[in-house]
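Student: Could you take me through one part of this model in detail? I would like to see how that part sits against its surroundings, and then how it fits into the rest of the chain.

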Amino acid sequence: MFFKTAKINEFRLWGLIFMLAGMGMMIFGTAGIVFWGGVAGRIFSGTFMVLGSILMLVSVGIYFWAGMMSTSVKTIECPECNKQTKMIGKTDRCMYCKTKMTIDASLATDLGEGDELSTTTVAPPQA
């Protein structure tokens, strides 16, 4: 994981980043019409509109993938905050309090990066 957050939230974050980048590219493309006008401005604007649309479609794909993944993952109760959280894979973090959790007892001794949340909690899966 790149950030210190739950995996499902990280996928959603990347979707948001691609969506904002796509909208930013489309807005930047309109600057071509404002500054250059004519044919050169239209080509500049059209190019950035297409690139922005592609980034928006990538964002839709990431959001769709995260949504489909969210429907099939294990839901467990966090031992720290006692809230229901979704767990992808063998290790993940709580979506609310960021506590590291695992369902594999052999991975429970891994202390990780040395931050204040370095304690790994073994959480039993909920039915």
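Tutor: What follows looks at the pair of helices and then at the loops further along the chain.

The model is a predicted one. Its protein chain has two helices and five strands, and along the sequence these follow the pattern α-α-β-β-β-β-β. Both helices therefore come before the strands in that pattern. Of the 127 residues in the protein chain, 31% are buried. Among contacts with a separation of 6 or more, 39% join residues 24 or more positions apart.

Start with helix 1, residues 7-35, and helix 2, residues 38-72. The 29 residues of helix 1 should span 42 Å at 1.5 Å a residue, and its end C-alpha atoms are 42 Å apart, which agrees. Helix 2 has 35 residues; from its first C-alpha to its last it reaches 52 Å, close to the 51 Å expected at 1.5 Å a residue. Just after helix 1 comes G37, which takes a positive phi of about 60°.

Now put the two helices side by side. Their axes come within 7 Å and cross at roughly 165°. An angle over 145 degrees counts as roughly antiparallel, and helix 1 and helix 2 are therefore roughly antiparallel to each other. The crossing of the two is left-handed. The residues of this contact divide into 24 nonpolar, 11 polar and one charged.

Next, see which residues are buried in each helix. In helix 1 they are I8, E10, G15, G22, G29, A31 and G32. What covers them includes helix 2. In helix 2 the buried residues are G41, S45, F48, G52, L55, S59, I62, A66, M69 and S70. The cover over these includes helix 1 and also strand 2, residues 84-87. Each helix is thus part of what covers the other: helix 2 for helix 1, and helix 1 for helix 2.

Two residues of helix 2 show this in detail. One is S45, which is in helix 2. S45 has a relative accessible area of 7% and is buried, because buried means under 20%. Leaving aside neighbours within four places in sequence, S45 is in contact with G29, T30 and I33. Of these partners, G29 is itself among the buried residues of helix 1.

The other is M56, also placed in helix 2. At 23% relative accessibility, M56 counts as partly exposed. With neighbours within four places in sequence set aside, M56 is in contact with M19, G22, M23 and M26. One of these, G22, is on the list of buried residues of helix 1. The C-alpha atoms of M56 and M26 are separated by 10.0 Å, and the two residues are 30 apart along the chain. Contact means heavy atoms within 4.5 Å, so a C-alpha separation of 10.0 Å between M56 and M26 does not rule out the contact listed for them.

Beyond the helices, the loops between strands hold some further details. N82 lies in the loop between strand 1, residues 74-77, and strand 2. Phi of N82 is near 60°, a positive value in a residue other than glycine. A similar case is found in the loop between strand 3, residues 91-93, and strand 4, residues 100-102, where K98 is placed. K98 has a positive phi of about 65° although it is not a glycine. At 26% relative accessibility, K98 counts as partly exposed.

C97 is in the loop between strand 3 and strand 4 too. At 24% relative accessibility, C97 counts as partly exposed. C97 and C81 are 16 residues apart in sequence, and their C-alpha atoms are 6.7 Å apart in space.

The last place to look is the loop between strand 4 and strand 5, residues 120-122, where D104 is found. D104 has a relative accessible area of 23% and is partly exposed. From D104 to K90 the distance is 6.3 Å, C-alpha to C-alpha, with their positions 14 residues apart in sequence counted as separation.

To return to the part you asked about, the helices are roughly antiparallel, their crossing is left-handed, and S45 and M56 are two residues of helix 2 whose contacts can be followed one by one.

Notes: Residues numbered from 1 in each chain as written. Predicted model: local features only at pLDDT ≥ 70, side-chain atom pairs only at ≥ 80, totals over all residues. Heavy atoms only, no water. Axes fitted to C-alpha atoms, helices over the stretch in contact; angles between N-to-C directions. Helix = DSSP H or I, 4+ residues; strand = E, 2+ residues; numbered from the N terminus. Parallel < 35°, antiparallel > 145°, perpendicular 65-115°, else oblique. Left-handed = near helix turned anticlockwise from the far one by under 90°. Nonpolar A, V, L, I, M, F, W, Y, C, P; charged D, E, K, R; others polar. Expected span 1.5 Å × (residues − 1). Buried < 20%, exposed > 50% of the residue type's maximum accessible area, 1.4 Å probe, protein only.
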